[in-house]
Amino acid sequence: MRAIRAASAALLSVAALALTAPTAAAAVNGGSTRFGYTVSPSTVAPGGRVTLSVTNCASSATASSAVFDTVTVTSGRPATATVDWDAKPGASYRVTFSCNGTTGTRTLTIARAPSTPTASSTSILPAGVQGGLGGSVGGVSAAEIVAGTALVVTAATGTIYAVRRRADARAH
């Protein structure tokens, strides 16, 4: 078990040395390490926000573009910028990062406006029932008035007859 632990520790040490050796060699040879920079997302709508990040910059860096104000970005701490509302959809703009006299650029694309739906792509939802007026729209004839009155009188007479008959049956 000790042999496995020792081998793992040795392997990790060699890997760490191999990963740090190029950086140390560049510093010893007088080479400067380039700073890293990102724009996220790379495509944004007009009025949207982008996150600007910088790495390996000893001091604060700046990020500037034609579609947002110049922003100061601290290494390891992302900053945000709001894209102008009048940015042209579909256009690409250059974002320039500057750190200690060294500059770098990234491209920021402005998203196209969503297309308006055409008549062939829209769906028609079923309509509800057209209710409300019923039969009162047309004229009423005299025969309909007489028939309606006869039905109401018959119903009222039948109700009175049934109630009186029941009352008479209980009295006995």
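These legends accompany close-up views of a predicted model.

**View 1. Three aromatic residues, Phe35, Tyr37 and Phe97, form one cluster.** Two aromatic pairs are counted. Phe35 and Tyr37 make a tilted pair, with ring centres 5.2 Å apart and 50 degrees between the planes. Tyr37 and Phe97 make a stacked pair, at 5.2 Å centre to centre and 25 degrees between the planes. That angle counts as stacked because the limit for stacking is under 30 degrees. The Tyr37–Phe97 pair links distant parts of the chain, 60 residues apart. Tyr37 sits in strand E1 (residues 36-40), and Phe97 sits in strand E7 (residues 92-99). Phe35 and Tyr37 are both buried. Phe97 is buried as well.

**View 2. The largest nonpolar core holds 25 residues.** Nonpolar side chains tend to be buried together in soluble globular proteins. Which members touch the most other members of this core? They are Val50, Leu52, Phe68, Val83, Val95, Phe97 and Leu108. Seven strands each supply at least two residues: E1, E3 (49-55), E4 (61-65), E5 (68-73), E6 (79-82), E7 and E8 (102-110). E7 gives the largest share, four residues.

**View 3. Strand E7 has two contrasting faces.** Side chains in a regular strand alternate between the two faces of the sheet. Along E7, Tyr93, Val95, Phe97 and Cys99 point to one face and are buried. Ser92, Arg94, Thr96 and Ser98 point to the other face and are not buried. Two residues of the buried face recur in other views: Phe97 belongs to the aromatic cluster, and Cys99 takes part in a disulfide.

**View 4. Strand E7 pairs with E4 and with E8.** Strands of a sheet pair through backbone hydrogen bonds, either parallel or antiparallel. E4 and E7 are antiparallel, with three bridges between them. Thr62 has Ser98 in E7 as its bridge partner. E7 and E8 are also antiparallel, with eight bridges. Phe97 has Gly104 in E8 as its bridge partner. The E7–E8 unit is a hairpin with two residues between the strands. Asn100, in the turn, has a positive phi of about 50 degrees.

**View 5. Cys57 and Cys99 are joined by a disulfide.** A disulfide is a covalent bond between the sulfur atoms of two cysteines. How many disulfides does a search of the whole structure find? The search finds one. The S to S distance between Cys57 and Cys99 is 1.9 Å. The link is right-handed, with 105 degrees about the S-S bond. Cys57 lies in the loop between E3 and E4, and Cys99 lies in strand E7. The two cysteines are 42 residues apart, so the pair links distant parts of the chain. Both Cys57 and Cys99 are buried.**View 6. Strands E1, E3 and E6 form an open antiparallel sheet.** The strand order is E1-E3-E6. E1 and E6 stand at the edges with a single partner strand each, so one side of each is left without a neighbour in the sheet. The twist averages 25 degrees from one strand to the next. Four bridges join E3 to E6. Val50 stands opposite Ala81 in E6. Val50 is also among the residues that touch the most other members of the largest nonpolar core.

Technical notes. Residues numbered from 1 in each chain as written. Predicted model: local features only at pLDDT ≥ 70, side-chain atom pairs only at ≥ 80, totals over all residues. Heavy atoms only, no water. Phe/Tyr/Trp six-rings, centres within 6.5 Å; stacked < 30°, edge-to-face > 60°. Buried < 20%, exposed > 50% of the residue type's maximum accessible area, 1.4 Å probe, protein only. Core = buried A, V, L, I, M, F, W, Y, C linked by side-chain atoms within 4.5 Å. Pairing = 2+ DSSP bridges. Axes fitted to C-alpha atoms, helices over the stretch in contact; angles between N-to-C directions. Disulfide = S-S within 2.5 Å.
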